[in-house]
Amino acid sequence: MKRIIYTLLGIMLTTGVWAENVAKIGETEYATLQGAFDAATTGQTVQLIADVKLAEWLNVNSGKDVTLDLNDHTIAPTDDRVKTNYCIILVHRGAKLTVDDSSVGKTGCIDGGTGDHAYYGGILLTKNDDPGSEPATLVVNNGKIKGEYAAISGNGTRHNTNVTINGGTFIATDNEGTAIYHPQDGSLTITGGSFTGVASAVELRSGTLNISGGSFTATASSYSCTANGNGITTIGAALAIAQHTTKKDISVNISGGTFSGVKAVSEANPQGNTSPAVTMAINNGTFTGDITATDVNNFVSGGTFTSAVADGYCAPGFEVVLDAEGHYVAKAETAVEAKIGETKYATLAAALAAATEGQTVTLLADINEAIVNTNENNFTIDLNGKNWISSGDAFKNNGGTVTFTGDGLVKSTATDGIAVWARTGSIIINSGNYENCSNEEATVYVGTTNDNLGGKQPTITINDGSFKNTADGVYKWNTNLKPLTLNIINNIADANTYQAIVIKGGNFYGNDPSIGDDSQLNKITNNSNFVSPELHATMENGKFIIEEGEYVAQVGYLKYVTVAEAAAVGDDITLLADATIETINVVSGKTLKKNGHELTVTNFTVTDGVAATIPFDFTATTATYTRTMPAGTKWGTVCVPFTLTQGDGTSAPKLYTFGNIDGATLTVNEVAADATVAPGTPVVFSITGPAVFTTSNATVSPTAPAETGNLVGTYSSKKIETGLSSIYYINGDAFHQAKASLTVPAYRAYVNYTTVPLGAKPSVLSLFVDDDMNATCVGAVMEEMATAKNICDILGRQFSAPKKGINIMKLADGKIIKVIIK
């Protein structure tokens with residue numbers, strides 16, 4: 001063993017240090033990054049735990065779907081490698097690589113290096129000898145990627161790639177470098193990140209490019225574009241779009257981002273192609289530098305520019321004009337926001353002011369305005385699919401009745417804003433989408449202070465539409481509520497005399513459309529629920545949908561179409577109509593005010609040995625209690641909180657009420673076939689087999705069990721202390737005197753025999769079934785037993801005197817009786 005240790009020590013001294021692991025998957029570490037990638041399975045993350053030097057590029061092979069977590073470390077070339085035209089990381093066909101950085105600073109880097117030992121790029125998608133046609137996929141969320149000629153690149157002969165960039169920093173260091181070089185026919189989607197190159201930030205030569213965010217900078221001081229069948233063409237453009245010799249289609253859509261260069265955007269055809277199709281659209285973004293295009297026109301419909309944009313570049317109906325701050329802004333040409341009939345108006349406010357009784361004002365453009373209507377005429381606003389967004393209250397009506405129709409959006413983005421406000425004028429909503437994001441105000445609002453109403457009674461009637469408050473947290477003025485979609489001002493005039501909000505349809509997100517500021521609703525006796533009485537709100541996929549229905553329960557001022565809905569939101573429930581629930585568990589622990597109505601439980605089951613909680617009287621469609629009988633017995637006691645019906649003793653228990661006790665004999669009286677036993681009444685029963693007590697349309701009552709004669713019932717387990725020799729419990733076919741403490745299980749009964757002196761009490765009370773005689777005959781039977789002419793058992797064997805068990809006796813008067821002796 002010592003020899004082995006010395007050998008290892010010698011190796012360590014020769015090499016200087018132990019080899020350091022550079023990556024891990026979960027808790028498993030790997031000495032090489034390629035080894036970690038080869039071991040990774042779909043969905044796993046390879047996390048760097050040290051900086052890595054690569055003499056050969058890292059292969060992300062086909063079939064891999066792996067995340068690389070840079071974790072604040074760097075991947076770079078070794079100091080002795082020979083420069084090639086490949087990259088640090090190669091993503092093969094059929095592979096997907098996601099690059100991220102979990103470190104706080106997000107400063108991990110894939111660095112292709114510079115000079116004689118550099119790789120040309122950071123990440124390359126596919127290579128010439130990749131088999132198959134599956135796409136190579138790259139997603140970058142964070143981190144830094146650097147390369148001499150490109151941080152990320154493809155190849156014009158290797159198509160079908162998917163690249164998505166959501167963030168990170170991308171740098172090309174060479175004077176003819178571009179942060180992203182995209183010559184292949186594939187998709188490139190950029191939502192964020194910083195892209196810098198001397199020649200360009202991005203050069204697209206084929207495929208589809210969608211940019212919605214990010215910063216794009218070309219640092220070259222002059223612009224040029226030269227034909228090139230194998231590399232970049234453009235210098236000095238933040239975004240360079242240049243046709244390739246492969247003649248693949250090009251599509252560019254820009255909806256955001258900042259672009260800075262001698263040219264902010266350059267679209268060119270350096271190869272002199274007569275095809276392919278090139279399309280481009282700019283509808284937003286900030287552009288510092290010229291916009292030039294060779295093959296496309298009519299592509300600008302939005303954005304801010306530092307230079308004038310040629311007329312031919314503007315989309316139909318748009319123009320670029322100089323604003324007050326000296327920026328060129330693309331906007332709708334000769335802006336028209338609305339029309340009445342064929343008459344057009346520059347602003348919606350102007351159209352609303354001009355509307356006469358019964359006319360319709362139709363929106364023709366998206367608007368960003370807060371509008372107050374004072375026109376006393378009744379008219380309609382057709383949203384016409386447009387967006388009406390305001391940083392204040394979008395629409396405030398101080399005029400007549402305004403009706404909203406058409407698809408479209410009315411939205412307030414203010415933290416104290418309202419979408420539509422019937423202040424002193426009324427509003428009818430037939431369709432459309434209405435939103436706000438306020439913890440202080442509702443999406444839809446009615447009323448103002450008493451002094452300003454001017455005798456009006458403003459209302460909002462909602463027949464359809466979608467209503468949403470997207471604010472987080474709770475309502476500012478009542479923290480028991482979510483942010484509101486509907487509300488009425490607290491001191492609205494004559495609030496008790498009319499319905500300020502009437503809901504007849506619609507979809508409501510986030511909270512029940514019945515709910516408003518409860519301090520107000522408590523004042524409004526006629527408006528305790530916004531939803532029309534014949535309707536109710538049903539939750540479905542996160543929204544409340546108004547449907548037809550009748551209310552059966554109420555919690556506070558809110559009404560519900562089922563008891564279950566009411567029980568889910570409150571503990572104090574009032575019935576508004578007769579109602580049915582499946583199990584009593586629906587309202588377990590709740591307070592129910594029957595309010596003159598009846599509650600029916602479809603299935604009510606009492607479990608043997610488990611005390612039932614009966615909060616109030618109700619009717620059970622079916623009430624059931626089941627007990628397993630001890631072997632060899634057929635007699636028992638039962639006391640349950642629902643009505644019992646007589647059985648035949650075979651398929652259902654036969655019931656006997658408790659009679660009198662004479663000496664050691666207990667007489668029980670059979671219940672009539674058509675009679676019932678009231679809830680809480682203790683009885684004796686007989687059955688051959690399991691005892692299943694089932695009653696249809698049973699009355700269930702919480703009233704404590706009654707004491708019938710000397711028989712005492714209990715709904716719960718009851719312990720009787722020792723020394724109580726007056727207590728008898730049933731065992732077999734008789735009641736036995738308790739000699740020690742006794743626990744009586746739930747739903748049973750015991751005899752409390754207190755009518756004779758303690759010393760005269762028998763140890764066993766034999767059961768006597770009064771088939772033909774009244775209970776008053778028991779004493780005479782006992783006297784006549786001694787003079788019985790014939791005594792036999794159930795097998796016909798004759799005896800001279802009664803024996804233990806069942807005795808069949810023929811009395812002196814010829815009557816035959818059955819006597820059980822214990």
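Two strands count as paired if DSSP finds at least two bridges between them. The strands themselves are DSSP runs of E with at least two residues, while helices are runs of H or I with at least four, and both are numbered from the N terminus. With that in hand, let's start with a small sheet: β54, β56, β57 and β64 line up in that order as an open sheet of four strands with mixed pairing. Its edges are β54 (579-581) and β64 (691-700), each of which pairs on one side only. Ignoring direction, neighbouring strands here are turned by 15 degrees against each other on average; for such angles, axes are lines fitted to C-alpha atoms (for helices over the stretch in contact), and angles run from 0 to 180 degrees between N-to-C directions. Inside this sheet, β56 (residues 599-606) and β57 (residues 618-627) run parallel and are joined by six bridges. One place to look is T605, whose bridge partner in β57 is T624.

Before going on, a word on what you're looking at. This is a predicted model, in which local features need pLDDT of at least 70 and side-chain atom pairs count only at pLDDT 80 or more, while totals for chains, interfaces and linings use all residues. Residues are numbered from 1 along each chain as its sequence is written, and side-chain values use heavy atoms, with hydrogens and water left out.

How confident is the predictor? The pLDDT (its confidence in each residue, from 0 to 100) has a mean of 85 for the protein, and 86% of the residues reach 70 or more. Over residues 518-527, though, the pLDDT is below 50, and this stretch has 29 contacts in the model beyond near neighbours in sequence. A contact here means heavy atoms within 4.5 Å. Residues 772-783 also stay under 50, and the model gives them 16 contacts beyond four places in sequence.

Now step back to the whole protein. It has seven helices and 76 strands. Of its 822 residues, 49% count as buried, meaning under 20% relative accessible area; exposed is over 50%, and partly exposed lies in between (1.4 Å probe, protein chains only). Among contacts between residues at least 6 apart in sequence, 60% join residues at least 24 apart.

Another sheet has eight strands: it is open, with mixed pairing, in the order β32-β31-β33-β35-β38-β41-β44-β47. At its edges sit β32 (343-345) and β47 (501-503), each pairing on one side only. The average turn between neighbouring strands is 20 degrees in this sheet, direction ignored. Within it, β41 (residues 427-429) and β44 (residues 460-462) run parallel, joined by three bridges, and I427 stands opposite I460 in β44.

Next, find β19. In a regular strand the side chains alternate between the two faces of the sheet. Strand β19 (residues 194-197) shows such alternation: F195 and G197 point to one face and are buried, while S194 and T196 point to the other and are not. β19 pairs in the parallel sense with β16 (residues 169-172) over three bridges, where I171 stands opposite T196. β19 also pairs in the parallel sense with β22 (residues 215-218), over four bridges, and there G197 stands opposite A218.

Finally, the cysteines. How many disulfides does the structure hold? Zero, taking a disulfide as a pair of cysteine sulfur atoms within 2.5 Å. As for individual cysteines, C225 counts as partly exposed because its relative accessibility is 27%, whereas C314 is buried, with a relative accessible area of 6%.

Definitions and conventions
pLDDT is the predictor's confidence in each residue, from 0 to 100.
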